[in-house]
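Student: I am new to this structure. Could you give me a close look at one part of it?

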Amino acid sequence: MELFKIHKTIPFMKYSKILNAISFLSFFIAVALLVIKGLAFSIEFTGGLVMEVNYPQAAPIQQIRTDLEKVTGGEVQVVNFGTARDVQIRLPLKGDKTSAEMSAEVMEVIHQHDAKAELRRTEFVGPQVGEELATDGLTALLLVIIGIMVYLAFRFEWKFAVAAIIANFHDVILVLGFFSLFQWEFSLPVLAAVLAVLGYSVNESVIIFDRCRECFRKIRKGTPVEIVNTAITQTISRTIITHSSTLMVTLAMFFFGGPALHYFALALTIGILLGVYSSVFVSAAIALYLGVKREDLVKKVRKDEITTDMVP
């Protein structure tokens, strides 16, 4: 499906060196931010208190969040749980206060506006659970990267596999860099979004690499740079349709999904935009830097095979 056709090849690789320099600088800054500032981990990773409160009517989510943030002095997660009358509250422990003291303090604030609100459950999440989640998340990330490299090496060629993985690292590190710079909360949904960005980014690279292979076979006299420019130009309509549709969904979640989906949708939106950029100006450019050529993708036919085919 094509909304429009571009009859003249766009010289994308003409700007690759400048954009790659910007990408390298951005990557370095993101790594520095992660080392210096780190991530603002949620209580799933750092430990904290989880409470479930039942209201006799629809719970005023925004008012509860505002009141609790004033008391605790930190960011508090307040979301509906099950029905509009059930609320789940997540907040970090402060100082030497126990979970019982924190829950009593929270309920005191809640009862100032609604005395009939009832505490249904209180659960403490220890930091050791967070360490296990962080380890499992890093393991999952590593396994995904290895799987992508093996898949691309078998389907295309090792130069494309290396280029795609570098582009994926670029996207993931920059997403994490944004979260570190602005100290947005890094929770399990955000970790899931980062893993989704990995798959999304490599999908776009595979589309371009597949078209590169076709163009190498059809355009015999073109240089590798011309082939890559042609492949990207031919897929640009598909890229606009696909990513515009996906961004409509993520932006809808961002603006209308509430606090529970806010950072999840934000991570996906940033990752999708970076995935489009990196598949064109990072992965394709790196493949050219590595010296990809027609012989890497087009299988040579031996003379004895040609002779055998000609014998009746």
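Student: Which residue follows α9, and is its phi positive or negative?

Tutor: Gly291 follows α9, and the phi of Gly291 is positive, near 85°. Two notes first. This is a predicted model, in which local features need pLDDT of at least 70, side-chain atom pairs count only at pLDDT 80 or more, and totals for chains, interfaces and linings use all residues. Residues are numbered from 1 along each chain as its sequence is written, and side-chain values use heavy atoms, with hydrogens and water left out.

Now the helix itself. Helix α9 covers residues 259-289, 31 residues in total. Helices here are DSSP runs of H or I with at least four residues, strands are runs of E with at least two, and both are numbered from the N terminus. From first C-alpha to last, α9 reaches 43 Å, close to the 45 Å expected at 1.5 Å a residue. That expected span is 1.5 Å times one less than the number of residues.

α9 also bends, by about 50° at Ser278. The bend is the angle between two fitted axes, one for the seven residues ending at a residue and one for the seven starting there.

Next, its surroundings. Of the 31 residues of α9, 22 are buried, so the helix is largely enclosed by the rest of the structure. Buried means under 20% relative accessible area, exposed means over 50%, and partly exposed lies in between (1.4 Å probe, protein chains only).

α9 helps to line an opening too. The largest pocket has a volume of about 370 Å³. Of its 19 lining residues, the closest to its centre are Gln77, Val79, Glu185, Pro259 and Ala260. The largest share of that lining, five residues, comes from α9. At least two residues each come from α3, β3 (77-81), β4 (83-91), α7 (188-218) and α9. On a 1 Å grid over the protein atoms alone, a pocket is an open set of points with protein on both sides within 12 Å along at least five of seven lines; a cavity is a set where a 1.4 Å probe fits but cannot get out; lining residues have an atom within 4 Å of a point. Grid points are joined across faces, edges and corners, and a volume is the space filled by probe spheres set on the points.

α3 is a partner of α9. β3, β4, α4 and α9 are among what covers the buried residues of α3. Those buried residues are Ile61, Ile64, Arg65, Asp67, Leu68 and Thr72. α3 has 12 residues, which should span 16 Å at 1.5 Å a residue, and its end C-alpha atoms are indeed 16 Å apart.

α3 lines a closed space as well. There is one cavity of 30 Å³ or more. The largest cavity has a volume of about 60 Å³, and its lining includes Tyr55, Ile64, Leu68, Val109 and His113. α3 (61-72) and α4 (99-111) each give two or more residues to this lining. α3 gives the most, with four residues.

Back at the pocket, look just before Glu185. Gln183 sits in the loop between α6 (158-182) and β6 (185-186). Its phi is near 55°, a positive value in a residue other than glycine. At 33% relative accessibility, Gln183 counts as partly exposed.

Strand β6 holds Phe186. Phe186 is buried, at 6% relative accessibility. Leaving aside neighbours within four places in sequence, Phe186 is in contact (heavy atoms within 4.5 Å) with residues including Leu39, Phe41, Leu176 and Val194. Another of its contacts is Ser42. Phe186 and Ser42 are 144 residues apart in sequence, and their C-alpha atoms are 5.7 Å apart.

Finally, confidence. pLDDT is the predictor's confidence in each residue, from 0 to 100. The chain averages 83, and 90% of the residues score at least 70. Among the elements, helix α1 (residues 16-36) has the highest mean pLDDT, 94, and helix α11 (residues 303-310) the lowest, 44. Over residues 301-312 the pLDDT is below 50, and this stretch has one contact in the model beyond near neighbours in sequence.
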